[in-house]
Amino acid sequence: MLYSVHIFMTERVVCMTKILVVSDSHADEWKLNDAIRAVPDAKIVFHLGDGEHEARLIARRYGTKFFHLVQGNCDWGSELPTSVVDIVEGKRIYACHGHTHLVKYGTADLVAAAKENNCCVALYGHTHNPVTEYVDGILLFNPGSIKQGCFGTIDIAENGILPVLRNLP
């Protein structure tokens with residue numbers, strides 16, 4: 001802290017949480033592991049379905065991170081939820097695979113589900129196509145398929161949200 005007799009200056013600490021978002025690993029444990037190693041400062045990992053088996057293995061391996069796993073249409077016999085809601089740095093996040101919201105045909109149902117849950121972010125997969133866009137004030141974020149080398153990060157702070165689509169090297 002810098003100070004003088006008359007003036008006190010303090011630094012304002014801004015809390016920020018980095019989230020890793022992956023989807024559609026389709027049994028590719030190696031690429032899923034590579035994505036986690038590429039973003040070591042991610043505290044939270046969302047796996048958006050179609051890869052429950054390897055997602056559970058990776059979650060056990062990285063016990064210091066918090067994992068959200070949802071069921072995808074290829075996770076046969078899964079007992080995972082089809083969607084989850086989390087609050088990160090005061091921002092509500094809705095996460096699903098997307099097949100139950102028919103995201104291959106549009107995002108209106110996904111946006112409605114995010115709004116019903118008072119969320120400002122909606123994470124989804126299923127299409128294997130990376131997307132980051134705002135619709136009716138909701139950030140829609142699809143990391144693409146990690147099996148194809150696509151993933152994403154979202155930095156969340158009290159003063160904003162920064163989504164980034166990424167590729168494995």
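The legends below describe several close-up views of a predicted model.

Local features are given where pLDDT is at least 70 and side-chain atom pairs only at pLDDT 80 or more, whereas totals for chains, interfaces and linings use all residues. Residues are numbered from 1 along each chain as its sequence is written, and side-chain values use heavy atoms, with hydrogens and water left out.

**View 1. An open sheet of five strands with mixed pairing.** The strands follow the order β4-β5-β6-β8-β7; strands (E, at least two residues) and helices (H or I, at least four residues) are DSSP runs numbered from the N terminus, and two strands count as paired if DSSP finds at least two bridges between them. Because β4 (83–88) and β7 (131–135) stand at the edges with a single partner strand each, one side of each is left without a neighbour in the sheet. On average, and with direction ignored, neighbouring strands of this sheet are turned by 20 degrees against each other, where axes are lines fitted to C-alpha atoms, for helices over the stretch in contact, and angles run from 0 to 180 degrees between N-to-C directions. Helix α3 (residues 108–116) packs on the sheet, touching β5, β6, β7 and β8 (138–142), and its direction makes about 125 degrees with that of β8; contact here means heavy atoms within 4.5 Å.

**View 2. Strand β5 between its partners β4 and β6.** Strands of a sheet pair through backbone hydrogen bonds, either parallel or antiparallel. With β4, strand β5 pairs in the antiparallel sense over six bridges, and Asp 86 stands opposite Ile 93, while Ile 87 has Arg 92 as its bridge partner. With β6 (residues 121–123), strand β5 (residues 91–96) pairs in the parallel sense over three bridges; here Ile 93 has Val 121 as its bridge partner, and Tyr 94 stands opposite Ala 122. Five of the six residues of β5 are buried, that is, under 20% relative accessible area, with exposed meaning over 50% and partly exposed in between (1.4 Å probe, protein chains only).

**View 3. The alternating side chains of β4 and the hairpin to β5.** Val 84, Asp 86 and Val 88 point to one face and are buried, while Ser 83, Val 85 and Ile 87 point to the other and are not. The hairpin of β4 and β5 has two residues between the strands, and within this hairpin Glu 89 takes a positive phi near 50 degrees. Glu 89 is also in contact with Cys 15, which, leaving aside neighbours within four places in sequence, touches Ile 156, Ala 157 and Glu 158 as well. Cys 15 lies in the segment before β1 (16–22) and counts as partly exposed, because its relative accessibility is 43%.

**View 4. The surroundings of Asp 75, in the loop between β3 (66–69) and β4.** The side chain of Asp 75 reaches the backbone nitrogen of Asp 50 at 2.8 Å and that of Gly 51 at 2.9 Å. Not counting residues up to four places away in sequence, Asp 75 touches Gly 49, Asp 50, Gly 51, Glu 52 and Val 70.

How values were computed. Polar contact = N/O pair within 3.5 Å; in protein donor to acceptor, adjacent residues only side chain to side chain.
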